[in-house]
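Subject: Structure handover

Hello,

Here is the structure we discussed handing over. Please look at the model first, then read the notes beneath it.

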Amino acid sequence: MVMTMVDAVGDKGMTMPDAGLTPFTDGPARLIDMDGLRRLVDVLRDRGYTIIAPTVRDGAVMLAEIDAADALPHGVRAETEAGTYRLRHGHDDAVFAHCAGPQSVKDFLHPSRARLWSADRTGDGAVTTTGPDRPAKRLAFLGVHPCDVAALAVLDRVLAGPEHPDPVYTARRDGTFLITAECTEPSATCFCTSMGTGPAATRGFDLALTEVLDGGHRFLARGGSPAGAEVLAELPSRPARPADASAAATAVAAADAAITRRMPAESLPDLIRAGRESPHWDDVASRCLACGNCTLVCPTCFCTTTEDVTDLTGEHAERWRVWDSCFSLDFSYMHGGPVRVSTQSRYRQWISHKLGTWHEQFGTSGCVGCGRCIAWCPAGIDITREAAELAAPRAGNEPA
Amino acid sequence: MASLAVWKFASCDGCQLSLLDCEDELLTVADQVTIAHFLEASGDVLPGPYDLSLVEGSVTTSADIARIHRIRDISRVLVTIGACATAGGIQALRNNADVAEYASVVYARPEYLDTLATSTPIAAHVDVDYELHGCPIDKGQLLDTIAAVLVGRKPALPAHSVCFDCKRRHNVCVVVAHGEPCLGPVTRAGCRAICPAVGRGCFGCFGPSETPNGPAQASLLQITGMSEQDIARFYRSFNVEAFAGLAGDE
């Protein structure tokens, strides 16, 4: 439904683009309350969707299948800093006021483990094979923040592009229903405003909600596709008054103002190219555990490896595709050994692809500014700070 | 049919019992291999050579050294199983201590002992084809390795961090979300991240990952309130010798 929407992230090297505060104008905005949100879950379920939404599990906001809107986090905030994430419970009923947990829609559309094929030897020596597992469910994602909508657009370019569509991804992506929740509560690790992906939702969704707490808990709702408008029409709602629209815009503008983390305001591909031999890689490597967490929580990192398994009889074989990371030695293993032995080279590879060569390869940045790699790095390595460190000598070296 | 032998050196037997614990798969294993030497399971012993030898335990006596060479000679594929066999085990705590003093404290007649001053992994003495890490080993890795040897493919034995598996199975990071001490970032995967899955930190029973960063890991542990000595002790368990560089024991 929003499958063709692949350009939510700009492709000009990310020089502080417009944060996209212009409201979507296709159809009048409606107002729904918590009952309307509950009804939304029912309507989607009746339409055959499996609804994936934020929930609280083990001290973090995690994505899970929900049956009812009551399963959403209520009054939960996530406080993050480099290397830390803490949930705070309490003071209101906000359901979408939490920034990125470790998961994203990637976890469902590009699963961490997927069987690519299986093969069985039959009695007469022939071999029968079956292709990738087909998803049993059609997914609706509820409460996806705009940075993650942008990440989905990046994944669409990578995994659903016309040249090499990935059957595992496209089978899950086709027919998804996407409900974005505009960001009204960014955290300290967010920098979407530098990447032009938020906090407002401008495109790439079926339905957009803006949660408003001032003057009563309610949601401004806008359709972003015919399917979204159809679903919205089924919900108990009333026209949004100018005061509602203004309260929603104020909440999003406040989020915009609250985001203070920044990427350097210059062409990041140029920055990375110029920093190839920077001594700063040694500094990063002294702190980097090469544990792979940054890549695994990144909503656009898509690299995988394959594992071939056979059962004990040797009559049944399977090939599995598993999330991999450019931080493992095996990732760059060619005949004779790994190409990127040092942590310096592995961190450089990751950030160079993410901020630099991704543009050449896919016509967009690989980074959407969600801040997950900062918060979920156990060592608190900060992509914006590392980029700034690369930028610093350049700024200093410029002729007066 | 391929023959299987299971051997024990200095160890607790837990890793070879992992094979007997494969309840659902055990009969299939028995259908695919001749269990030729497995004293925990049967007193019947068939003569070698053997297609696959699983070796548990570390080398702690001079007799062990001679015996592991004999076993290597009669084994087509030799796989070491568990932290004792791959790293010397917890008994390698002796490697930085005075064994004679230990023995005098523990035993009434220490002169009856014939032991080496060190506990060393099997690979320090003979060529090893594959190593299954862990205390104990992972049943899935054991079965996959047996299946792989039977059909002549490589088993999947990753050397990257436990963090990979935490994220693949969608565990919440206990370091970032709870401030728990966790050795996951410097520990080899293979256990399917079972400890973080129940909310506690990894204690490193699979030994170090491929390129562990000791100083960076020490910073993480210090944030949780651990002293330098606490950190050194954290590493001094089943894989003490393999973690020696990180614990500052080298």
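What follows is a summary of the findings, beginning with chain B and ending with chain A.

The model is predicted, so please read everything below as computed from it.

Chain B overall

Chain B contains 12 helices and 5 strands. Its radius of gyration is 19 Å, which agrees with the value near 18 Å for a compact globule of 250 residues. Along the principal axes, the C-alpha atoms of chain B occupy a box of roughly 55 × 50 × 25 Å. Half of the chain is packed in by the burial count: 50% of the 250 residues are buried. Among contacts in chain B with a separation of 6 or more, 73% are between residues 24 or more positions apart.

The sheet in chain B

The 5 strands make an open sheet with parallel pairing, in the order β2-β1-β3-β4-β5. β2 (33–37) and β5 (130–132) of chain B each have a single partner strand, so each edge strand has one side without a neighbour in the sheet. On average, neighbouring strands are turned by 25° against each other, with direction ignored.

At one of these edges, β4 (residues 75–81) of chain B runs parallel to β5(B) and is joined to it by 3 bridges. B:Ile81 is found opposite B:Leu132 of β5(B). Helix α6(B) lies across β1 (2–8), β3 (50–56), β4 and β5 of chain B, and its direction makes an angle of about 160° with β5(B).

Domains of chain B

The assignment splits chain B into domain 1 (2–151) and domain 2 (162–247). Their centres, taken over C-alpha atoms, are separated by 25 Å. The contact between them involves 14 residues of domain 1 of chain B and 14 residues of domain 2 of chain B. On the domain 1 side, helix α4 (residues 83–87) of chain B gives the largest share, 3 residues. That side consists of 6 nonpolar, 7 polar and 1 charged residues.

Contact between the chains

Between the chains, 37 residues of chain B are in contact with 42 residues of chain A. On the chain B side, at least two residues each come from α2 (23–32), α6 (139–151), α7 (162–168), α8 (174–178) and α10 (214–223). The largest share is that of α6(B), with 6 residues; this is the helix that also lies across β5(B) in the sheet. By class, the side of chain B that touches chain A has 21 nonpolar, 10 polar and 6 charged residues.

Chain A

Chain A is likewise divided into domain 1 (30–258) and domain 2 (268–397). The C-alpha centres of these two domains of chain A lie 25 Å apart. Their contact takes 36 residues from domain 1 of chain A and 33 residues from domain 2 of chain A. On the domain 1 side, the elements giving two or more residues are β6 (113–121), α3 (146–159) and α5 (192–195) of chain A. This side of domain 1 of chain A divides into 20 nonpolar, 9 polar and 7 charged residues.

One hairpin in chain A is also worth listing. Strands β13 (residues 304–310) and β14 (residues 316–323) of chain A run antiparallel and are joined by 7 bridges. A:Thr310 has A:Ala317 as its bridge partner in β14(A). There are 5 residues between the strands of this hairpin, and A:Gly314 takes a positive phi near 75°.

Regards

Note on methods. Residues numbered from 1 in each chain as written. Chains lettered and ligands numbered in written order. Predicted model: local features only at pLDDT ≥ 70, side-chain atom pairs only at ≥ 80, totals over all residues. Helix = DSSP H or I, 4+ residues; strand = E, 2+ residues; numbered from the N terminus. Rg over C-alpha atoms; globule rule 2.2 N^0.38 Å. Buried ≥ 20, exposed ≤ 12 C-beta atoms within 10 Å, placed from the backbone. Contact = placed C-beta atoms within 7 Å. Nonpolar A, V, L, I, M, F, W, Y, C, P; charged D, E, K, R; others polar. Pairing = 2+ DSSP bridges. Domains from an automatic or database assignment. Axes fitted to C-alpha atoms, helices over the stretch in contact; angles between N-to-C directions.
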